[in-house]
Amino acid sequence: MRALKALALAALLVGCGQTVTPSESTNAAAPMMAAEERASGGEAQDQAAPSPQPHQPSQQPQDASYLAYTYGVSMELPAANVAGLMDAHVRACQQAGPRLCQLISSSRSGDPESAVSGTVEIRGEPTWLRRFMDGLSGQVGAAGGRITGQTTAAEDLTRDIVDTEARLRASHTLRDRLQQLLASRPGKLSDLLDIERELARVQGEIDSTESQLAVMRARVDMSVLTLTYSSTAQSIRSDTFKPLGDALAGFLGWIVIGVASIVTVIAILLPWVVVIWLIVWLVLTLRRRMGGRFFKRRPPETPPPAANS
């Protein structure tokens, strides 16, 4: 049937004035034959088609490097504008969402009228973080300040990630073998319990290793930026005369403390003064009543006069 169709097609081409070689006739008939085969045997091919293999994770190239970047930006601006700029940066991170930016910490201290300092630490997706850092100069300048320092550091996690992935693949292989052994080789109950315990241990190691790998990959996928804010130094601030004010305010307090110390000393010595005064009064009273006999000093004895010869 297929040969007849091929010959009919060749005859049509000859009738149109074209010379057809046997190879051309075969090539021309090929699409029809393939269509006929698909129509007649499509169902059989579907039944005989192998089931799709489970998706295997793509392996990273051996020369791939995993770097966790850390950035730092220091800025100096008027004390009154520090809080506003900090809040704007925190708000920008929160509005971007946790997929692009995550707020790690934020702290601020000081008096807006004298000196203020603060720190904001965020973790951001590299592209978003790059755009954010590119706009810092304009934001700080609009706030009347300037950028005083920038730092960049990178931690190479390539070896840790590659080793962890290798250990994870080995654990997966061991787990699969243990599962096959548990399913295909029923034996003594003690042997089955040993296999189950080993399988539980391996599964725990897999979970722990996957968690460590996820943390390291998150450090690679999200860079850390630390923003440091400080207020511009002022010659005269609201707290310039604070020590003098504190001294004047404490003047009356020191006087009160001195008087209180004197009163305390008097309170301690007064009972002893009373006791000593009573003892002296009793002694003098007894001396007057006794006529001073026990208190007078005896005169020295004079020798008797010598006899005349």
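Q: How do I read a salt bridge, and which residue pairs with E165?
A: Side chains of opposite charge can pair when their charged atoms come close. A salt bridge here has a side-chain nitrogen of Lys or Arg within 4 Å of a carboxyl oxygen of Asp or Glu. In this structure, the partner of E165 is R217, and their closest N and O atoms are 2.0 Å apart. E165 sits in helix α6 and R217 in helix α7, so their salt bridge ties together parts that are 52 residues apart in sequence. Bear in mind that this is a predicted model: local features need pLDDT of at least 70, side-chain atom pairs count only at pLDDT 80 or more, and totals for chains, interfaces and linings use all residues. Residues are numbered from 1 along each chain as its sequence is written, and side-chain values use heavy atoms, leaving out hydrogens and water.

Q: Is E165 buried or exposed?
A: Those words have cut-offs: buried is under 20% relative accessible area, exposed is over 50%, and partly exposed is in between (1.4 Å probe, protein chains only). E165 has 15%, so it is buried. Its partner R217 is partly exposed at 26%. Moving to another group of charges, salt bridges with shared partners join E198, R201 and E205 into one network.

Q: How many salt bridges turn up in the whole structure?
A: A search finds nine. One of them joins E155 to R219, with closest N and O atoms 2.2 Å apart. This pair links distant parts of the chain: E155 is in strand β4 (residues 146-156), while R219 is in helix α7 (residues 189-221), 64 residues apart. Names like β4 and α7 come from DSSP runs numbered from the N terminus: helices are H or I with at least four residues, strands are E with at least two. E155 is partly exposed at 37% relative accessibility, and R219 is partly exposed too, at 36%.

Q: What about R159 and D163, how many residues apart are they in helix α6?
A: An α-helix has 3.6 residues a turn, so residues three or four places apart point the same way. R159 and D163 are four residues apart in α6, which means they are separated by about one helical turn. They form a salt bridge, with closest N and O atoms 3.9 Å apart. R159 counts as exposed, with 67% relative accessible area, whereas D163 is partly exposed at 38%.

Q: What should the span of α6 be?
A: The rule is 1.5 Å times one less than the number of residues. For the 27 residues of α6 that gives 39 Å, and the end C-alpha atoms are 39 Å apart, so the two agree.

Q: Which residues of α6 are buried?
A: They are T158, I161, T164, E165, L168, S171, R175 and L178. Their cover includes β4 and α7. T158 has 15% relative accessible area, so it is buried. Leaving aside neighbours within four places in sequence, T158 is in contact (heavy atoms within 4.5 Å) with A64, S65 and Y66. In the same helix, R177 is exposed at 59%.

Q: Residues can be far apart in sequence, so what is the C-alpha to C-alpha distance for A214 and I161?
A: It's 9.5 Å, though they are 53 residues apart in sequence. A214 lies in helix α7 and is partly exposed at 45%. Another pair to try is R177 and L199: 22 residues apart along the chain, with C-alpha atoms separated by 9.4 Å.

Q: Now for strands: in what sense do strand β2 and strand β3 pair?
A: Two strands pair if DSSP finds at least two bridges between them. Strand β2 (residues 101-111) and strand β3 (residues 115-124) pair in the antiparallel sense over 10 bridges. For instance, C101 has G124 in β3 as its bridge partner. β2 and β3 form a hairpin, with three residues between them.

Q: What does S223 touch?
A: Not counting residues up to four places away in sequence, S223 touches Y69, Y71, I122, R123, G124, P126 and L129. S223 is in strand β5 (residues 223-231) and is buried at 4% relative accessibility.
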